[in-house]
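Okay, thanks everyone for squeezing in. I've got one model to walk you through, so please pull it up and follow along.

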Amino acid sequence: MAVPTTEHVLQSTSAQRIPTSRIAPWLLTPVVLLIHGYHPFAGDAGIYTAGIRHVLDPSLYPLNSAFVDAFTRRSIFARTVAALVRVTHAPLPWMLLALYLCSIVLFLLACEKLATRLFAAEPARWCAVLLAAACCSLPVAGTALVLMDPYVTARSFSTPLSFLSVAACLDRAWMRTALLLAVAVLLHPLMGCYATMFVVLLALISTRRIRAAVALCTAGIALAGMAFAMAHRIPNPTAYREAIDLPQRTFLFLARWQWYEVLGLILPLALYGVALARLSRAGSIRAVCLAAILLGVTSLLIDALFVPATGLWLLVPLQPLRAFHVIYAVGVVLCGGVLGKLFERQRLLALTVVLLLFAGMAFAEHVSWPECNRIEWPGVRPENPYQQAFLWIRDNTPQDAVFAFDPQFVYWPGEDEQGFRALTKRDHLADDKDAGIVAVIPSLAPKWAQQRNASARTNITTDAERRGALLPTGATWLLLPPLARTSLPCPFRNQAVQVCKLPGR
């Protein structure tokens, strides 16, 4: 019997060594948290977290539960999180933090899985994961999306599941692909459907049915054209126009994008085209590039031709350009492979590129959330005075209180889009943030417009005019700027707001 030599043992150990790319997601998750921050009640998280709170306590938000439940009814996300809270008895803020960290790990693991299918070299694989970590907050053109939000929503999990489905498709593991896509759709129907379109195109191209893929895209454009023709018979409600014409809703219409946002659509497709031209033989990377080009061109044509800003808004809720989210995500992994080749030749230059990306994203986080703690740990007093006021409201006002304030309040400088309902557990009249929900669910437009317009002049009218406009809507409390004139009882004031009781007639 041969005795293994030291050389054999070393070779065996080297062969069994875990690749760097496998452990990179776990090592990079704390880096992502530090660089990109964590804001659990800001932006869309305010909508989703309020929905979770309503599932846990249906007595909350008695006036506008329709806005709170808008996404809850169409997704399993809020109910799943609520079930986890009930089972574990963990406080919701700590559960959200745990889920956020899990979503980052899952996203980076999914990037590693996809990179493994696309690249043979280990440096290319772990550079793909490294670049994905650096680009978590990368804006997706003018769609108002980023690659991974600095908070937890349904997208936090539908995105990595979509990535895993792409990897499964390249493995031709069709059952696993279908299961992953099904869960992604259940979590986020819109983004899950766009991921499904990408995977279907990739599957057709991978099995050398390119004509079928092109025919599918052509059919999608034709179907959108038929829907656009039918839209001529559907009246355009004034209330819906008010909601989608707001300055914060410019992402809905390509015609209202800035030039650099349009460039964010053209440049990725051009880069995919260059990569496709340079790949001389069929392979996984070539199939991914062609699928991205077909999906991108299709969604761009549909949006440019059939989603006009002037009217006929039947396709507006579909937001076709959000299909670029998966195109961007896959593109980051492919760019990571290019970075890996650069690392093999110019290691210092490659590391400099990554460090500059991390530094740029850290600066962007500061600019986006200037008044908030970079990481909003559960239980830690917030620096933001608006959040401080919201916590006072949570602890010192009746649960059935309904607040009125300027509809643009959530976009005031320093407010940093902190979700009022999510933080205070109190309801408020529909505001301009709720217009984003109306854009997707037009049936809510009349209720939104009635409440929004009633509170539009809250900051500059007299107390008598405030009572006359707001009491019929069900409002019982007010948020006013600190310098607004009022003789109403205001038990809380700070440098950001004053919280005032709105007496009945």
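I'll go through the sheet, then two helices beside it, then the salt bridges and a surface patch. Keep in mind that this is a predicted model.

So, the sheet. It's an open one, five strands in the order S2-S1-S3-S5-S4, and the pairing is mixed. Which strands stand at the edges? Those are S2, residues 427-428, and S4, residues 492-493; each has a single partner strand, so one side of each is left without a neighbour in the sheet.

Let's walk through the pairings. S1 and S3 run parallel, joined by two bridges, and there you'll find Phe403 standing opposite Trp477 in S3. S3 and S5 pair the antiparallel way, over four bridges. If you zoom in on that pair, Leu479 sits opposite Val499 of S5, and Leu478 has Cys500 of S5 as its bridge partner. Then S4 and S5, with S5 covering residues 498-501, are antiparallel too, with two bridges between them. Arg493 has Gln498 in S5 as its bridge partner. Those two strands make a hairpin, with four residues between them.

Stay on S3 for a second and look at the side chains. In a regular strand, side chains alternate between the two faces of the sheet. And here you can see it: Trp477 and Leu479 point one way from S3, Leu478 and Leu480 point the other way, and all of them are buried.

Now the helices. In H21, residues 463-470, the buried ones are Asp463, Arg466 and Leu470. They cover an arc of only 55° around the axis, which puts them on the same side of H21. The general point is that an α-helix has 3.6 residues a turn, so residues three or four places apart point the same way. What do the buried residues of H21 pack against? Strand S1 at 402-404, helix H20 at 445-454, and strand S3 at 477-480.

Over to H20, then. Its buried residues are Ala445, Trp448, Ala449, Gln451, Arg452 and Ala454. They pack against helix H4, which is 65-68, plus H12, S2, H19 and H21. So H20 and H21 turn up in each other's contact lists, since the buried residues of H21 pack against H20 and those of H20 pack against H21.

Right, salt bridges. How many does the structure hold? There are 14. The one I'd like you to click on is Lys433 with Asp44, where the closest N and O atoms are 3.3 Å apart. Lys433 is in the loop between S2 and helix H19 (435-440), while Asp44 is in helix H3 (residues 44-56), so this pair ties together parts that are 389 residues apart in sequence. Are these two residues buried or exposed? Both Lys433 and Asp44 are buried.

Then there's a second spot, around Asp245. Arg241 makes a salt bridge with Asp245, with the closest N and O atoms 3.7 Å apart. Asp245 also meets Arg256 in a salt bridge, 2.8 Å from N to O. Asp245 and Arg256 are both in the loop between helix H12 (238-244) and H13, eleven residues apart. Going back to the network side of things, salt bridges with shared partners join Asp44, Asp149, Arg155, Glu417 and Lys433 into one network. As for cover around Asp245, Arg241 counts as partly exposed because its relative accessibility is 33%. Asp245 is partly exposed as well, with a relative accessible area of 33%, and Arg256 is partly exposed at 26%.

Last stop, the surface. There's a nonpolar patch there made of Trp259, Tyr260, Leu263, Ile266, Leu267 and Leu271, and together they have about 670 Å² of accessible area. Take Leu263 from that group: it lies in helix H13, residues 259-278. Why does Leu263 count as partly exposed? Because its relative accessibility is 40%, and partly exposed is the range between under 20% for buried and over 50% for exposed.

That's my tour, so over to you for questions.

Notes:
Residues are numbered from 1 along each chain as its sequence is written. This is a predicted model: local features need pLDDT of at least 70, side-chain atom pairs count only at pLDDT 80 or more; totals for chains, interfaces and linings use all residues. Side-chain values use heavy atoms; hydrogens and water are left out. Patches are made of residues with over 30% relative accessible area and no salt bridge: like charges are joined within 9 Å, nonpolar side chains (Val, Leu, Ile, Met, Phe, Trp, Tyr) within 5 Å. Accessible areas come from the Shrake-Rupley method with a 1.4 Å probe; for residues, only the protein chains shown count as cover. A salt bridge is a side-chain nitrogen of Lys or Arg within 4 Å of a carboxyl oxygen of Asp or Glu. Buried means under 20% relative accessible area, exposed over 50%, partly exposed in between (1.4 Å probe, protein chains only). The arc is that of the directions from the helix axis to the C-beta atoms. Contact means heavy atoms within 4.5 Å. Two strands pair if DSSP finds at least two bridges between them.
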